[in-house]
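Let us walk through this structure step by step, beginning with its charged side chains and ending in its interior.

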Amino acid sequence: MIEVGSKAPEFDLPAAGGGRASAALLRGRRYALYFYPKADTSGCTVQAQGVQENLAALERAGITVIGVSPDPVKKLDAFAKKFGLTFTLASDADQSLAAAYDAWVEKSMYGRKYMGMERSTFLVAADGTVEAIWRKVKPAEHAALLLAAA
């Protein structure tokens, strides 16, 4: 179970715009990984727009934000373009990073159980340790949580 003070898991994922999101590229920098279930859905859009609206303040505070979902890169490209998102959106298609962060969890809807992404955020310190964890994040409150931690 990942917790505050744990070493952040290594990762290297394809990202929207043809780039990569990786722990190696972020070494020595503070970053926030936020896991969200599905691009271009109402809650995920509210969450992403909140990050975008506060991106300059987060960057001034030294926090790089990366949104992570199980969506393919093509869907992330369309999501970023549609809503003018300029921060990194990474594709965790096999859910390996989400599993490493304990964000790939059993969910239940209408009595049916299934595996899915838990809306959660992890702030990683410049030394590579997990600095803060927020689970079951409410989309509209996400950016304010990050700003308060900054």
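A residue is called buried when its relative accessible area is under 20%, exposed when that area is over 50%, and partly exposed when it lies in between. The model shown here is predicted, and with these cut-offs in hand we can place D12, which has a relative accessible area of 46% and is therefore partly exposed. The side chain of D12 meets that of R20 in a salt bridge, with 3.1 Å from N to O, and R20, also at 46% relative accessibility, counts as partly exposed.

This pairing belongs to a set, since the structure holds six salt bridges. Side chains of opposite charge can pair when their charged atoms come close. In another of these bridges, the closest N and O atoms of K7 and E10 are 3.5 Å apart; K7 is exposed, with a relative accessible area of 59%, whereas E10 is partly exposed at 46%. K7 and E10 are also linked with R27 in a network of salt bridges.

What separates the two residues of a further bridge, R30 and E131, in space and in sequence? The closest N and O atoms of R30 and E131 are 2.6 Å apart, yet R30 lies in strand β3 and E131 in strand β9, so the pair ties together parts that are 101 residues apart in sequence. Here R30 counts as buried, at 18% relative accessibility, while E131 is partly exposed, with a relative accessible area of 33%.

From the charged side chains we turn to the aromatic rings. A pair of aromatic rings is described by the distance of the centres and the angle of the planes. Rings pair when their centres lie within 6.5 Å, and by this rule the count comes to eight aromatic pairs. One of them joins Y34 and F87 in a tilted arrangement, 6.2 Å centre to centre and with 45 degrees between the planes. Because Y34 lies in strand β3 and F87 in the loop between α4 and β5, this pair ties together parts that are 53 residues apart in sequence. Y34 is buried, with a relative accessible area of 1%, and F87 is buried as well, at 7%.

A second tilted pair is formed by Y101 and F122, with 4.7 Å from centre to centre and 55 degrees between the planes. Y101 sits in the loop between α5 and β6, and F122 in strand β8, so that the pair links parts of the chain 21 residues apart. Y101 has a relative accessible area of 0% and is buried, and F122 is likewise buried, at 0%.

Ring pairs also link Y34, Y36, F79, F83 and F87 into a cluster, which leads us to the interior. In soluble globular proteins, nonpolar side chains tend to be buried together. The largest nonpolar core has 22 residues, and those with the most contacts inside it include Y34, Y36, F79 and F87. Several elements each supply at least two residues of this core, among them β3, α4 and β9. F79 touches residues beyond four places away in sequence, including Y36, C44, A48, L85 and L89. Apart from the largest core lies another, of 21 residues, among them I2, F35, A98 and V124.

Finally, we can look at two neighbouring strands. β6 and β7 run antiparallel and are joined by six bridges, one of which partners S108 with K113 in β7. The two strands form a hairpin with two residues between them, and Y110 in the turn has a positive phi of about 55 degrees.

Key
Residues numbered from 1 in each chain as written. Predicted model: local features only at pLDDT ≥ 70, side-chain atom pairs only at ≥ 80, totals over all residues. Heavy atoms only, no water. Phe/Tyr/Trp six-rings, centres within 6.5 Å; stacked < 30°, edge-to-face > 60°. Helix = DSSP H or I, 4+ residues; strand = E, 2+ residues; numbered from the N terminus. Buried < 20%, exposed > 50% of the residue type's maximum accessible area, 1.4 Å probe, protein only. Pairing = 2+ DSSP bridges. Core = buried A, V, L, I, M, F, W, Y, C linked by side-chain atoms within 4.5 Å. Contact = heavy atoms within 4.5 Å. Salt bridge = Lys/Arg side-chain N within 4 Å of Asp/Glu carboxyl O.
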